[in-house]
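Thank you for sending this model for comment. My notes concern its internal space, the ligands that are placed there, and a separate open pocket.

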Amino acid sequence: MNALTRLANAAANAVAEVGVRHDWTRDEVQAFFDLPFNDLIFQAQIVHRRHFNPNEVQKSTLLSIKTGGCPEDCGYCSQSSKFETGLKASKLMEVQRVIAEAQRAKEAGASRYCMGAAWRSPKDRDMDKICAMVEGVKSLGMETCMTLGMLSDEQAVRLKEAGLDYYNHNVDTSEEYYKEIISTRTFADRLDTLDRVRNAGINVCSGGIVGMGEEESDRVGMLMALANLPEHPQSVPINMLVPINGTRLGNSEMIDPIDFVRTIAAARIMMPLSVVRLSAGRENMSEETQALCFLAGANSIFIGEKLLTTKNPEQNKDERLFAKLGLEPMPAHACPSAV
Ligand code: SAM
Ligand code: DTB
Ligand code: SF4
């Protein structure tokens with residue numbers, strides 16, 4: 001056994017013994033990525049089975065409640081006004097339409113409804129409508145999630161009072177690589193909003209995108225940034241870049257699926273009580289890759305035929321995959337670390 005394997009095994013054993021850690025070092029995390037694949041998956045399975053039913057996968061559905069025309073310049077995004085992507089922009093949706101869409105998602109088996117707006121930050125004048133959406137979707141018995149950009153303290157408190165369960169705000173990549181992807185805000189801005197959400201008592205959903213031309217060391221840095229937060233995000237979405245024509249990253253080369261699975265496995269080991277979501281990118285992924293992601297400890301997906309603006313696998317395709325793999329939906333409010 002070489003020194004790195006010993007280090008990775010020791011780090012995973014440390015998780016098993018002490019539970020949740022917030023002091024991950026670069027060497028420890030890099031050592032997970034350097035493990036033989038089978039050893040990495042084995043470690044991830046040990047951690048996963050300690051805290052979760054390994055055959056349960058949480059199902060969320062997304063809705064874009066305000067599409068396009070965003071002033072930010074995120075290099076991956078179809079909704080940035082800085083790129084010509086051919087996307088049709090639209091205004092903030094009516095509350096009743098959002099609730100009706102959520103009801104359909106519930107009937108299709110989703111336990112969480114995630115509503116996303118292409119904003120740098122919400123305007124205070126939009127908050128009444130946003131809060132009414134949270135209250136309406138919650139009254140259906142679903143978990144609620146919003147992703148609206150940067151928040152003020154007051155907006156975070158208002159969302160909490162409306163009953164919001166999760167706020168999604170991704171760190172997206174390492175601090176070092178962030179400025180290559182986005183110039184209109186900083187990594188520190190992202191962390192500030194995450195602090196506000198956590199301090200308001202809302203569960204944090206934060207992860208990132210892989211396949212944006214980053215180095216493996218950036219994936220290490222991204223996972224360290226997430227796992228060394230004062231509390232682990234209760235939900236950790238790992239997105240595979242969906243390349244969008246017209247954006248700066250539209251011609252990116254697809255990441256090797258094994259490298260993607262390694263990122264999931266390392267996230268699982270480092271944040272043992274968090275739900276790790278195999279998020280965007282499933283439309284371009286084989287069933288075998290998805291099965292490896294579940295084996296590596298991913299236990300959440302988006303269901304429904306659309307993500308925000310791009311395609312997601314059809315319902316019957318996902319149902320067939322769940323049946324083949326013997327997977328069951330995770331009930332609402334089952335995340336062990338959620339408030
Ligand atoms: N405007 C808000 C924000 O940026 O936080 C919320 C919406 S934004 C679309 C939510 C997240 O979706 C991004 O942080 C990014 O991680 C993910 N995302 C956007 N476009 C993507 C793409 N083409 N491929 C993969 N993930 C993407
Ligand atoms: C997250 O991490 N992924 C979701 C959700 N949080 C908001 C969004 C994925 C978007 C994929 C590209 C699109 O459909 O526009
Ligand atoms: Fe705007 Fe969010 Fe897209 Fe960035 S990721 S351009 S902030 S909608």
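The numbered points below take the cavity, then the ligands, then the pocket.

1. Please keep in mind throughout that this is a predicted model, and that the distances, areas and volumes quoted in this note are computed from it.

2. The structure holds one cavity of 30 Å³ or more, and about 880 Å³ of space lies in the largest cavity. Strand 2 (112-117), strand 3 (143-147) and strand 7 (235-240) are the elements that give two or more residues to the lining of this cavity.

3. The lining of the largest cavity is made up of 42 residues, and those that lie nearest its centre are Y76, C77, Q79, N170 and L308. Sorted by class, the lining of the largest cavity has 22 nonpolar residues, 13 polar ones and seven charged ones.

4. Which space does each ligand take? Ligand 1 takes the space of the largest cavity, and the largest cavity is likewise given as the space taken by ligand 2 and as the space taken by ligand 3. The three ligands are therefore best read against the lining described above, although each has its own shell of residues, as set out in the next points.

5. Ligand 1 is surrounded by 17 residues, of which T147, N170, D172, R190 and V242 are the closest. An oxygen atom of ligand 1 lies 2.6 Å from a polar side-chain atom of D172. Two backbone contacts involve nitrogen on the ligand side: a polar backbone atom of V242 is 2.9 Å from a nitrogen atom of ligand 1, and a polar backbone atom of A117 is 3.3 Å from a nitrogen atom of ligand 1. On its own ligand 1 has 560 Å² of accessible area, and the protein covers 90% of that area. The shell around ligand 1 comprises 10 nonpolar, five polar and two charged residues.

6. Around ligand 2 there are 14 residues, and N170, N239, L308, T309 and T310 come nearest. N170 is thus named among the closest residues for ligand 1 and among the nearest for ligand 2, and N170 is also one of the residues nearest the centre of the largest cavity.

7. What polar contacts does ligand 2 make through side chains? An N or O atom in the side chain of T309 is 2.6 Å from an oxygen atom of ligand 2, an N or O atom in the side chain of N239 is 2.8 Å from an oxygen atom of ligand 2, and a polar side-chain atom of S279 is 3.4 Å from a nitrogen atom of ligand 2. The protein covers 86% of the 400 Å² of accessible area that ligand 2 has on its own. By class, the shell around ligand 2 contains six nonpolar and eight polar residues, with no charged residue.

8. The residues around ligand 3 include three cysteines, C70, C74 and C77, together with E72, Y76, S80, A118, W119 and R185. Y76 and C77 are also named among the residues nearest the centre of the largest cavity. The shell around ligand 3 is divided by class into six nonpolar residues, one polar residue and two charged residues.

9. Apart from the cavity, the largest pocket deserves a comment. About 640 Å³ of space lies in the largest pocket, and 27 residues line it, with L62, L63, E101, R104 and K306 closest to its centre. Strand 1 (56-66) and helix 4 (95-107) each supply at least two residues of this lining, and strand 1 gives the most, with six residues. By class, the lining of the largest pocket has 12 nonpolar, seven polar and eight charged residues.

Notes:
Residues numbered from 1 in each chain as written. Chains lettered and ligands numbered in written order. Predicted model: local features only at pLDDT ≥ 70, side-chain atom pairs only at ≥ 80, totals over all residues. Heavy atoms only, no water. Near = heavy atom within 4 Å. 1 Å grid on protein atoms, 1.4 Å probe; cavity = no way out; pocket = protein on both sides within 12 Å on 5 of 7 lines; lining within 4 Å. Sits in = over half its atoms within 2 Å of the grid points. Nonpolar A, V, L, I, M, F, W, Y, C, P; charged D, E, K, R; others polar. Points joined across faces, edges and corners; volume = space filled by probe spheres on them. Helix = DSSP H or I, 4+ residues; strand = E, 2+ residues; numbered from the N terminus. Polar contact = N/O pair within 3.5 Å; in protein donor to acceptor, adjacent residues only side chain to side chain. Areas by Shrake-Rupley, 256 points an atom, 1.4 Å probe, with all protein chains shown as cover.
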